[in-house]
Amino acid sequence: MQRIPEEKIDEIRSQVDIVDVVGNYVQLKKQGRNYTGLCPFHGEKTPSFSVSPEKQIFHCFGCGKGGNVFSFLMQIDGLSFVESVKKVADLAHIPLDVAISQGDSSPGNKPDSQESKMIEIHQLASKLYHYLLMETEEGQEALQYLLDRGMSEQELDHFEIGFAPAHASTVTTFLKKREVDLALAVESGLLTERDDGEVVDRFRNRIMFPIKNDRGQLVGFSGRLFNQEDGPKYLNSPETPIFNKRNILYHFSDARQEIRKKEEILLLEGYMDVISSVSATFSNGVASMGTSLTEEHVQMIRRVTNRAIICYDGDRAGIEASFKAGTMLAEQHRLEVFVLQLPNGKDPDDFIRSEGAEKFAAIYTHQRLTWTAFKLQFFKRNRNLQNETDKIAYLGEALAEIGKLDQAVERELYLKQLGSEFDLSMEALKQQLQQTVVVKPKPHDYGGPPPESYGEYPSYEGDGGPVYEQFSFAQPSGVPSAGLTSEKRLLKYMLEDRDAFIQIRNLLEEHQTDFYHDNYKALYTHLIGFYASGNDANPLALMDQLKDDMARNLVSELEMMTVNADVSIEEYQDYVQSLTKSSIERDIKEKEQALLTATQQGDIPAALELARTITTMRATMKNTPN
């Protein structure tokens, strides 16, 4: 067994820009020297996630997570350290010419989890299903059905579509021969257990669509009936440790790059719609798992784009689903939303295969409805506009929507459309608009981390500006802010300069003082070991050796700090003296509490001794230079 040499790790890390890697998961925007976006590790509406191309680190000022490119992939994709190095090496096209076994002891490596074994079982089953569809007589009917619907063999291969035979034990027998744990296969949702205890296939006589999560891992299936009416049209995997349809969008992991390129996502209803859209060169298409759009889906979308194109089926249910999804995206989460309505109520799959990719592209590009335009059409449904009561009700709804628009030009455009449609003057419509709409002041927009303070990020209260909340490590009560600032700055200098580390360590020993904050003290201990091993200052390499997430987060927080580069040993001494003073202040407070207790208990000798000690300590602190 060989470990990856440190030199190779450094080479791999240096060949990939963390902005490019993180950008595959988070929609980043340039802000000053850094890039900001919505944190992928916790839900938020205001960006607090920052990536530094100069430092090659990331840090979230909201939840505190941080690290380098390896630790980002470890956290976002659930990888071991070795797996993350492999992934970055692949991105950099750097061959790893060392043998790495599952038992590798590199930092952060972990054994296979039950979840990873479930994913492997699904991968085995997917290969079997695809083989049965493409290569066997048993799958011929299903294959012909798909070909008759206009699918090509290339599409079937690309989406790894398969076939589950009608037999009860096709997959079960297959897994038995490979000595797979059938109980785990049942827990993963691939197999099911009958009342008599017999384990059998869950999916039978269905066309199989493999389902991947946002990391590209195969976690479930959806099976479609094709030659019978007995049973639901689509049967999805059940909820399992690896499969939850609330946080899965079909084709999302494969579509992510195209979504970022087009700067918009195409939301579709069905698997066939996605496959057809890809064939029409719209590879930014995704579909929810037979359920309405969820908050988890929206958070996934917001990490890669701020614009959504909804193209659901043209029937009544599809139009209502479009309205529900658009309301969530546009009005609850402030995304830019457009809606495509295909002619004759066709769904995207039928339209593309019957009318062709060019016609779909023309509608996609030139006939998309704005969210306001779609809503104005939606409100007309089930209304008789020849009836005065319905007409007045519709105009009220329409004006309320128009009044929500921020841009005066947009409001003017839709008012003119209403005036033309109902033969009303602009003056009358504007007067009615003023009576209908009460404009509420909006909070100021804010992006990026606060310019000076670390561990803080603005939230909003009422209609005012940003109100800062604390989000950094839990700080012990009673720690003076000056002492905490000194701890941060000392650690910052020690992280980035080996000579500074030596000078500051000598000063700490000379003054017989130490870091107070537990996380800072732990990081100082790590630094002692790191430099004792002969390493030069290298925060990225230190992160790779830290197994404690909190310590890694602290390194990223400190690296995001801006400090004076031209610093003298006198400044180090000032910070160390500040630590000493803070320590004395804490001791004084403890003694004062003990004095109060002794006085209340009538212990006069103890109280006198404590009073003398406090007086001496205060004199010492007074003589300690500021």
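A residue counts as exposed when its relative accessible area is over 50%, as buried when that value is under 20%, and as partly exposed in between. Keep those cut-offs at hand for this tour of a predicted model, beginning with a residue that shows the first of them.

**Stop 1: Asp499**

Select Asp499, which you will find in helix H21 (residues 498-510). With a relative accessible area of 53%, Asp499 is exposed. Now add Ala537 to the selection and draw a C-alpha to C-alpha distance: Asp499 and Ala537 are 38 residues apart in sequence but 9.0 Å apart in space.

**Stop 2: the whole chain**

Zoom out and colour by secondary structure. You should see 26 helices and 19 strands. Of the 626 residues in the chain, 47% are buried. If you switch on the surface, the accessible area comes to about 30800 Å², and carbon and sulfur atoms account for 47% of that surface. Contacts are worth a thought here too: among those in the chain with a separation of 6 or more, 64% are between residues 24 or more positions apart.

**Stop 3: the five-stranded sheet**

Next, go to the open sheet of 5 strands, ordered S1-S2-S3-S4-S5 with antiparallel pairing. Strand S1 (29-31) and strand S5 (66-67) form its edges, each pairing on one side only. Within the sheet, pick out strand S3 (residues 49-52) and strand S4 (residues 57-60), an antiparallel pair held over 4 bridges. For a landmark between them, show Ser52, which stands opposite Ile57 in S4.

What lies across S4 and S5? Select residues 549-559: this is helix H24, and it runs at about 100 degrees to S4.

**Stop 4: Cys60 and Cys39**

While you are at S4 (residues 57-60), display the side chain of Cys60, which is buried at a relative accessible area of 1%. Why is there no bond between Cys60 and Cys39? The sulfur of Cys39 is the closest cysteine sulfur to that of Cys60, but at 3.6 Å it is too far for a bond, because a disulfide needs the two sulfur atoms within 2.5 Å. In fact, the structure holds 0 disulfides. For another cysteine, look at Cys311, which is buried at 0% relative accessibility.

**Stop 5: strands S9, S10 and S11**

Move on to strand S10 (residues 218-224). How many of its residues are buried? The count is 7 of the 7, so S10 is largely enclosed by the rest of the structure.

Now show the strands that pair with S10. Strand S9 (residues 206-212) runs antiparallel to S10 and is joined to it by 6 bridges; here Phe209 stands opposite Ser222. The hairpin of S9 and S10 has 5 residues between the strands, and Gly216 in this hairpin takes a positive phi near 80 degrees. Strand S11 (residues 234-236) also runs antiparallel to S10, with 3 bridges between them. To find that pairing quickly, select Arg224 and its bridge partner in S11, Tyr234.

**Stop 6: helix H15 and its two faces**

Select helix H15 (residues 357-366) and show the side chains of its buried residues, Phe360, Ile363 and Tyr364. They sit on the same side of H15, because the arc they cover around the axis is only 100 degrees. Residues three or four places apart in an α-helix point the same way, because there are 3.6 residues a turn. Rotate to the face turned away from the buried side, and you will meet the exposed residues Glu358 and His366. Then bring up what covers the buried residues: strand S13 (265-268), strand S15 (307-310) and helix H14 (348-355) are among the elements there.

**Stop 7: Thr327**

Helix H13 (residues 316-332) is next, with Thr327 as the residue to select. Is Thr327 buried or exposed? At a relative accessible area of 18%, Thr327 is buried. Leaving out residues up to four places away in sequence, Thr327 touches Gln332 and Trp371.

**Stop 8: Leu595**

Finish in helix H25 (residues 569-600), where Leu595 lies. Leu595 is partly exposed, at a relative accessible area of 22%. Which residues does Leu595 contact, setting aside neighbours within four places in sequence? They are Ala607, Leu610, Ala611 and Ile614. For a last distance, connect the C-alpha atoms of Leu595 and Ala611: these residues are 16 apart in sequence and 7.0 Å apart in space.

Notes. Residues are numbered from 1 along each chain as its sequence is written. This is a predicted model: local features need pLDDT of at least 70, side-chain atom pairs count only at pLDDT 80 or more; totals for chains, interfaces and linings use all residues. Side-chain values use heavy atoms; hydrogens and water are left out. Two strands pair if DSSP finds at least two bridges between them. Contact means heavy atoms within 4.5 Å. Axes are lines fitted to C-alpha atoms, for helices over the stretch in contact, and angles run from 0 to 180 degrees between N-to-C directions. Buried means under 20% relative accessible area, exposed over 50%, partly exposed in between (1.4 Å probe, protein chains only). Accessible areas come from the Shrake-Rupley method with a 1.4 Å probe; for residues, only the protein chains shown count as cover. The arc is that of the directions from the helix axis to the C-beta atoms.
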